Amino acid sequence: MQFDLKTNEKGNLSIGGEDALELAQRYKTPLYVIDENKIRENYRRLYKAFSQYYKDFKMFYACKANTNLAVMRILEEEGSGIDAVSPGEIYTSLLAGFDPSRILYTGNNVTDEELEFALSSGVRLNVDSISQLKRLSKIPGSEGLEISFRVNPMVGAGHHDHCITGGPLSKFGIMEEEAVDVYKMAQDMGFKPVGIHSHIGSGILDPEPFMLAVRTLMDIAGRVHEGAGVEFDFIDFGGGIGIPYTPEESKLDINVFAKKITDLFKDKLNEYSLGKPTMCIEPGRYIVGDASVLLTQVNSIKQSYRKFAGVDAGFNTLLRPTMYDSYHHIVVADKPYAETTQKIDIAGDVCESGDLFARDRPMPEIEEGDVLAILNAGAYSFSMSSQYNSRPRPAEVLVKDGESEVVRERETFADLFNKQNVPVRLLK
Ligand SMILES: *Cc1c(COP(=O)(O)O)cnc(C)c1O
C-alpha cells in the first residue's frame with residue numbers, strides 16, 4: 001500500500017501523533033481529523049517545486065476544497081493567496097485574515113449584488129463572461145479597476161465528467177476566439193485588464209492535459225498582448241493537481257511537473273514578449289486532500305444478499321463516492337496494515353441505496369464497534385457535507401505533534417432548526 005500511514009506502539013493508526021482510536025473515543029464519530037503538518041508540507045512542497053524554476057510565483061489556495069477557519073489560518077501563515085468562488089468564500093477568507101489583495105474572486109453566474117460585494121471587499125475580480133463585465137462596469141467605483149478574465153482554452157480534464165471545467169461543454173469562462181475582443185471591450189469601458197486565467201478541471205494526475213492548457217492559455221495571452229496591447233501582471237493556470245486515491249495510482253512527480261510547466265511558460269513569455277508576469281496556480285485538493293481522514297464506527301455487520309459493514313457516516317458526511325463514484329481508501333483504525341481476507345460493501349447510514357463508500361472492497365475482518373478510517377478526506381469532503389436525513393454534521397479536530405483541538409463542534413439537533421420558522425397558525 002502506497003499511502004504513508006503511521007502506526008503507534010499499539011499498532012493503531014496515528015494521525016499527527018494522535019491515536020485514531022483514542023480520537024474516536026474522545027470526540028465520538030463520525031469525526032474529521034485534520035493533520036496540520038501535512039497541510040504545511042503540501043503547501044511548501046508545491047511552492048518550492050515551482051518557485052525554484054520561476055521566482056515570481058504565487059499560489060492561490062482554492063478554498064472551496066476546505067474552508068475550515070483553522071485550515072485557512074494555516075495557509076494564511078504559509079503566505080498563500082486565496083481563490084474564492086463565492087461571496088461567502090470572500091467573507092471567510094477576510095475573516096481568516098487574508099488581505100483582500102491576496103484574494104482572487106472567480107465567480108460564475110453571479111448577481112449584481114455579488115459583484116458589488118466583491119468590489120467593495122477590495123478583492124481582485126476574475127471575470128467569467130461579457131454579461132458580468134457589462135454589469136460590473138455599471139457599478140459605481142468600478143472605473144479603472146484592474147481585472148482578469150477566465151478563458152476557456154477548449155481543453156478539459158478531470159477525474160469525472162462533473163469535474164471538467166474547460167472544453168466545449170463547460171459553462172465556465174469566455175471563449176478563446178473572443179478573447180482579444182473582450183479585452184479590448186474591457187479597455188474601452190475603462191477597465192485595466194492585467195490578468196488571464198484558466199482552470200480546466202480537477203483531479204489531474206497526467207501532466208499532458210495540463211501542459212496543453214498552459215500552452216493554449218499562453219498562446220491566447222500572446223494574441224491578447226499583440227491584439228489589445230495588454231501587459232499582463234499575472235497569468236494564472238488554475239488548480240486541478242490531483243492526488244492518488246487508489247493504491248494503484250501514483251503521485252504526480254511535482255518537481256518534474258513544475259519544471260515542464262515553467263519551461264513552457266518561459267518559452268512562451270519569450271515567444272510573445274510578455275515580460276515577466278507573476279505565474280499563479282490555484283491548488284485546492286493537492287494542499288488539503290490527503291491531510292484529513294474521516295473516522296467512522298461500524299454499527300452493524302449484515303449478511304444479506306451481500307455482506308455489508310454499516311457505518312455511522314454517510315454521503316451527508318462525505319459525498320464524493322456517491323457524487324463522483326470516487327474511490328476512498330479505507331483502513332481499520334486498530335490494524336491499518338492487516339491482510340485483507342474478504343470482499344465487503346461499506347455502506348453509510350443514509351436512507352438511499354446510493355449511500356455506499358465502497359462496493360466489494362477487499363478488507364480484513366471487521367467487527368461491530370470497529371473504527372474505520374476513510375483516507376484522503378480533506379478536500380471536497382466536509383465542505384460538501386449536508387444535514388440530509390436530519391443528521392447533524394460531524395465535528396472536525398486539528399492535530400499537530402500529538403495534540404488535538406476541536407476546530408468545529410459537532411452540530412446538535414438544535415442546529416437542524418436554526419433558521420426555521422413555523423407560521424403561528426400552525427403552532428401546536
Ligand atoms: C475548484 C477550483 C480550483 C481548485 O481545484 P483543485 O482540483 O482542488 O485543485 C481552482 N480554481 C478554480 C477557479 C476552481 O473553481
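These questions and answers go through a predicted model, from its ligand site to its strands and its unusual backbone spots.

Q: What makes Lys64 a polar contact of the ligand?
A: An oxygen atom of the ligand lies 2.7 Å from an N or O atom in the Lys64 side chain. The cut-off for such a pair is within 3.5 Å, so the pair counts.

Q: How do you know that Ser202 makes a polar contact with the ligand?
A: Here an N or O atom of the Ser202 side chain is 2.4 Å from an oxygen atom of the ligand. The limit is within 3.5 Å, so this pair counts too.

Q: Why does Asp83 count as a polar contact of the ligand?
A: A nitrogen atom of the ligand is the partner, 3.2 Å from an N or O atom in the side chain of Asp83. That also meets the limit of within 3.5 Å, so the contact stands.

Q: How do you know how much of the ligand the protein buries?
A: Taken alone, the ligand exposes 390 Å². The protein buries 95% of that area.

Q: Which residues surround the ligand, and what is their class?
A: The shell holds 15 residues. The closest are Lys64, Ser202, Gly240, Glu282 and Tyr380. By class, 4 are nonpolar, 6 are polar and 5 are charged.

Q: Where does the ligand sit among the pockets?
A: The ligand takes up the space of the second largest pocket.

Q: How do you know that strand 14 and strand 15 pair?
A: Strand 14 (residues 292-303) and strand 15 (residues 307-311) share 5 bridges and run antiparallel. Pairing needs at least two bridges, so these strands pair. Within this pairing, Lys302 has Phe308 as its bridge partner. The two strands form a hairpin, with 3 residues between them.

Q: What makes strand 17 a partner of strand 15?
A: Strand 17 (residues 342-347) is joined to strand 15 by 3 bridges, in the parallel sense. The threshold is at least two, so this is a pair as well. Here Phe308 has Asp345 as its bridge partner.

Q: Why are strand 1 and strand 3 called edge strands?
A: They belong to an open sheet of 3 strands in the order 1-2-3, with antiparallel pairing. Strand 1 (6-7) and strand 3 (18-19) each pair on one side only. Strand 1 is joined to strand 2 (residues 13-15) by 2 bridges. At least two bridges are needed, so that pairing counts. In it, Thr7 stands opposite Leu13.

Q: What makes strand 20 and strand 21 a pair?
A: Strand 20 (residues 395-400) and strand 21 (residues 403-408) run antiparallel, joined by 5 bridges. At least two are required, so they pair. Val399 stands opposite Ser404. The strands form a hairpin with 2 residues between them. In the turn, Asp401 has a positive phi of about 45°.

Q: What makes Asp325 stand out?
A: Its phi is near 60°, a positive value in a residue other than glycine. Most residues other than glycine have a negative phi. Asp325 lies in the loop between helix 11 (320-324) and strand 16 (330-332).

Q: What is the form of the peptide bond that joins Thr29 and Pro30?
A: The bond is cis, with omega about -10°. Most peptide bonds are trans. Pro30 is in the loop between helix 1 (20-27) and strand 4 (31-35).

Technical notes
Residues numbered from 1 in each chain as written. Predicted model: local features only at pLDDT ≥ 70, side-chain atom pairs only at ≥ 80, totals over all residues. Heavy atoms only, no water. Helix = DSSP H or I, 4+ residues; strand = E, 2+ residues; numbered from the N terminus. Near = heavy atom within 4 Å. Polar contact = N/O pair within 3.5 Å; in protein donor to acceptor, adjacent residues only side chain to side chain. Areas by Shrake-Rupley, 256 points an atom, 1.4 Å probe, with all protein chains shown as cover. 1 Å grid on protein atoms, 1.4 Å probe; cavity = no way out; pocket = protein on both sides within 12 Å on 5 of 7 lines; lining within 4 Å. Sits in = over half its atoms within 2 Å of the grid points. Nonpolar A, V, L, I, M, F, W, Y, C, P; charged D, E, K, R; others polar.
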